[in-house]
Amino acid sequence: MVDDRDKKSGSSENVPAIMSEDSTTLGELLVREELVSLSTLQDATEEMRRTGESLHDVLSRIGDVNPEMIQALMSRTYGIPTVDEQSFDQVEESAIRELPMELCEKHGVFPLSIQGDSLIIAVSDPTNIYAMDDLKFLTGYSVEMVVSTEGAIQRAFTRFRGLIEGDEIRDEIDGFVRGLEDVEYEVDTADDVDVYDLERQSQETPIVRVVNLFLIDAIMRGVSDIHIEPGEDSLRVRYRLDGVLQEVRRLSSRWAAPVISRIKVMSQLDITERRRPQDGRIKLKFGGDRECAFRVSVAPFHHGEKIVLRLLDASNLQVDMTKLGFDPDELVKFQTAIHQPFGMVLVVGPTGSGKTTTLYSALTELNKVTENISTAEDPIEFDLPNINQMQMREEVNLNFAQALRSFLRQDPDIIMVGEIRDFETVEIAVKAAQTGRLVLSTLHTNDAPSTITRLTHMGVEAFLVADTVSMIVAQRLVRRTCSQCREPHMYDKGVCLEAGMSEEEYENASTMKGGENSCHHCNGTGLRGRVAVYEILEITDHMREAILGGFSGRELKMIAVREGMRTLRQSALAKFAQGLTTLEEVLRVTRAD
């Protein structure tokens, strides 16, 4: 491995300019091999100068030359082996980290592996020997080339960009955190705070930079929440990734005031108010055209103010309900319910179980020019085109009940209520469903059958519940097995049967688990991403009779299961049997039936 001092002397700022593709040499080869005519080459050269494209791309577009032909020609001419696109599946992280990725991408080379003293590089143009010399100088390795296509190399950059940029951001954070320890701020712990001093601290360059880096790092990792928590002697930073909190950083406690003040300034909150909770929002432009938002909550605790930032990234919003996790038969049932002209469809579960995403996917499917759709939300998480979204504002007495009343005067076809919290809201929602509107909403209950008893306990008459509610969907999110490192894994039969699997399900299962070796895609956890599991309760005639009869939640569940309802545990076990999640996740997220 190269000494760090050698690498530093060869930083990208000191690298000589690498030669661009020698299009004349490539063109001569193509003409000599009679793969293109001289006139085609001249036309391609002129087009290349005009558009800035590479000769490969221009010839692929205007000539009869495809990338594989060029790859084979280069290999044959220079005696260099070729690699297909599947070879990029075995890329080594150590090789990626050896080179400045921006430089590699600019010149169309991609590091594949390190073999002894050699760095194996995929190239599309072996004639660019100056580029290879510079890469050798930067790394200290001898560089061996293999020929790939330009398209395969560019797709590799797209595929590994999260790893590349995420590591660069985290390395930069580490550097800034180390540098911050050498800087001193005076932290005023009294109730009377000098606002000008706080503003000065929050605007100083190291604080601005490190807060920005934390936000960008969270986006790159795909976290849902950032927790910034002051303690007695440290400032702890945690991320919630795939529903699980993990600590990522600790700073000295003297950084609590400037970091928290900086976030307050960014979210336009009162930096002098430290005794009351505050809510705000940050918008961040990231990666060119990409725009993300953070919903900010500040609350006073014993050792200072804690901040939680909820990431609202529209690029991660999944509104295609075919990709949410519904089994095919469940999806048909749900689509049938939301396409009814009136009635109430409820999605229930704890905070962070994906209820809003399911409702947004339903609204996206229902969003037609013939429908007037209005939503009452607190807060509005994402903008939905051509849907009327209303933000609740308690300071002006605009709550869900008030919003529903106004909707009924707006000639609605479909109404979405962010959450049913009280009798007044549910009473108006039921009235809307009775008078020819489709109402979608959420409720915090543990499962679908208990929602019925919850509604009656809120004061809704049983006959109104039976008459208006058409479907209740309970849901949870379980973490997926990593798509890059998962492998077949045989679980203990007794444990699986005790969890609720039948003998037949166990025998036919294709269970998987993340690999034992570290994987960059999942950070060595074996889990990456989440999938929803559902419990769908249809209000059938038999169920209506049970509701009118005042049956308990447990009795309603028994009836629903007899009529074919798959419980949350059964749904999660089905995902486990398909290899989509692990038994540990099933037991963590769902309870025994």
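Good morning. In this predicted model, the count of salt bridges comes to 26. I shall take up three of these pairs and then turn to a sheet.

I begin with Glu 229 and Arg 238, whose side chains form a salt bridge at 2.7 Å, N to O. Both residues are buried. They also belong to a network of salt bridges that links Glu 229, Arg 236, Arg 238 and Lys 306.

The next pair is Arg 250 with Glu 247, where the closest N and O atoms are 2.8 Å apart. What is the exposure of these two residues? Arg 250 has a relative accessibility of 44% and therefore counts as partly exposed, since that class lies between 20% and 50%. Glu 247, at 42%, is likewise partly exposed.

Lys 557 and Asp 447 form a salt bridge at 4.0 Å, N to O. Lys 557 lies in helix 22, residues 553-562, and Asp 447 in the loop between strand 14 and helix 17, so the pair ties together parts 110 residues apart in sequence. Lys 557 and Asp 447 are both buried.

Strand 14 brings me to the sheet. The sheet is open, with seven strands in the order 12-11-13-14-10-15-18 and mixed pairing. Strands 12 and 18 stand at the edges with a single partner strand each, so one side of each has no neighbour in the sheet. From one strand to the next, the twist averages 20°.

Within the sheet, strands 10 and 14 pair in the parallel sense over six bridges; Met 344 has Val 439 in strand 14 as its bridge partner. Helix 15, residues 400-408, packs on the sheet and touches strands 11, 12 and 13. The direction of helix 15 makes about 170° with that of strand 11. Thank you.

Note on methods: Residues numbered from 1 in each chain as written. Predicted model: local features only at pLDDT ≥ 70, side-chain atom pairs only at ≥ 80, totals over all residues. Heavy atoms only, no water. Pairing = 2+ DSSP bridges. Helix = DSSP H or I, 4+ residues; strand = E, 2+ residues; numbered from the N terminus. Axes fitted to C-alpha atoms, helices over the stretch in contact; angles between N-to-C directions. Contact = heavy atoms within 4.5 Å. Buried < 20%, exposed > 50% of the residue type's maximum accessible area, 1.4 Å probe, protein only.
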